[in-house]
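Please open the model in your viewer and keep the selection panel at hand, since each stop of this tour begins with something to select.

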Amino acid sequence: MLSGCTPLVNRLAAMIPFDHLALFATASVALAIAPGPDNIFVLAQSALYGRRAGLLITLGLCTGLLVHISAVALGVAAILQKSVLAFNGLKMAGAGYLLYLAWQAFRAGGIEPDEQKNSPMGGWALYARGIVMNVTNPKVAIFFLAFLPQFADPAHGPVPLQIILLGAIFMASALMVFGCIAWAASQIGGWLKHSQRAQLMLNRVAGSVFVLLAGRLALSRQ
């Protein structure tokens, strides 16, 4: 079975020159590190509820990237770039969801020490939250529409297949960076276990950040 996969792997590797792949991977890591709605969300949730919550949300965010990558490969993302109605509808849904998260953060209080082992939400809920947060941001689809094709060349094979390969590399980069953020934030959040006041302040900060991100998304243009 592995021998049967080797020609496919070799074909994919031959599609994009190594120097292009190295440049793309470096750019992907840099973009994942740059402050944005996704990594800020992972940071806040990991600090409050621990590494497990941050990693589950990270997996959800990366699953959401699959939707955007597929949209670019299939040409669907071009609709968001050209249709004002589709773009505005999706961005308002995303802004509304961020405001909902802000409302939840503002309502949240400190957590008792014996309740701090896990997030109030289950694993699937955390995973789904990551998916929704990523999918409802049309700027991600348009970013991929502008970013991924720069590293694809029709002379090296089918462009949609190259887009999927590049998208997989971007996802791996985001998974690595966000995973590190989740781990670091969970370590920093350890001192919160004995300070409900600190937890309350962090929730207020997280709520304020979500409001700002919602405003930024609502005011964004194609």
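## Two crossing helices

In this predicted model, begin by selecting helix α6 (residues 84-107) together with helix α7 (residues 123-135), whose axes come within 8 Å and cross at roughly 140 degrees. Because angles over 145 degrees would count as roughly antiparallel, the crossing makes α6 oblique to α7. To see what makes the contact, show the side chains of Leu90, Tyr97, Leu98, Tyr100, Leu101 and Gln104 on α6, and those of Arg129, Val132, Met133 and Val135 on α7. Coloured by residue class, the residues of this contact divide into eight nonpolar, one polar and one charged.

## A buried aspartate

Keep Met133 displayed and select Asp38, whose place is in helix α3 (residues 37-49). Is Asp38 buried or exposed? With a relative accessibility of 17%, Asp38 counts as buried, because the cut-off for that class is under 20%. Leaving aside residues up to four places away in sequence, Asp38 touches Leu61, Met133, Asn134 and Phe178.

## An enclosed helix

Next, select helix α8 (residues 138-147), where seven of the ten residues are buried, so that the helix is largely enclosed by the rest of the structure. The buried residues of α8 are Pro138, Val140, Ala141, Ile142, Phe144, Leu145 and Phe147.

## Aromatic rings between α8 and α9

Now display the aromatic rings, among which the count comes to ten aromatic pairs. One of them joins Phe143 and Phe170 in a tilted arrangement, with 6.2 Å centre to centre and 55 degrees between the planes. Since Phe143 lies in helix α8 and Phe170 in helix α9 (residues 159-188), this pair ties together parts that are 27 residues apart in sequence. At 30% relative accessibility Phe143 counts as partly exposed, whereas Phe170, at 8%, counts as buried.

Keep Phe170 selected and add Phe144, which forms an edge-to-face pair with Phe170, at 5.0 Å centre to centre and with 90 degrees between the planes. Here too the partners belong to two helices, Phe144 to α8 and Phe170 to α9, so the pair ties together parts that are 26 residues apart in sequence. Phe144 has a relative accessibility of 0% and therefore counts as buried.

For the last stop, extend the selection to Phe24, Phe143, Phe144, Phe147, Phe151 and Phe170, which form one aromatic cluster.

Definitions and conventions. Residues numbered from 1 in each chain as written. Predicted model: local features only at pLDDT ≥ 70, side-chain atom pairs only at ≥ 80, totals over all residues. Heavy atoms only, no water. Buried < 20%, exposed > 50% of the residue type's maximum accessible area, 1.4 Å probe, protein only. Helix = DSSP H or I, 4+ residues; strand = E, 2+ residues; numbered from the N terminus. Contact = heavy atoms within 4.5 Å. Phe/Tyr/Trp six-rings, centres within 6.5 Å; stacked < 30°, edge-to-face > 60°. Axes fitted to C-alpha atoms, helices over the stretch in contact; angles between N-to-C directions. Parallel < 35°, antiparallel > 145°, perpendicular 65-115°, else oblique. Nonpolar A, V, L, I, M, F, W, Y, C, P; charged D, E, K, R; others polar.
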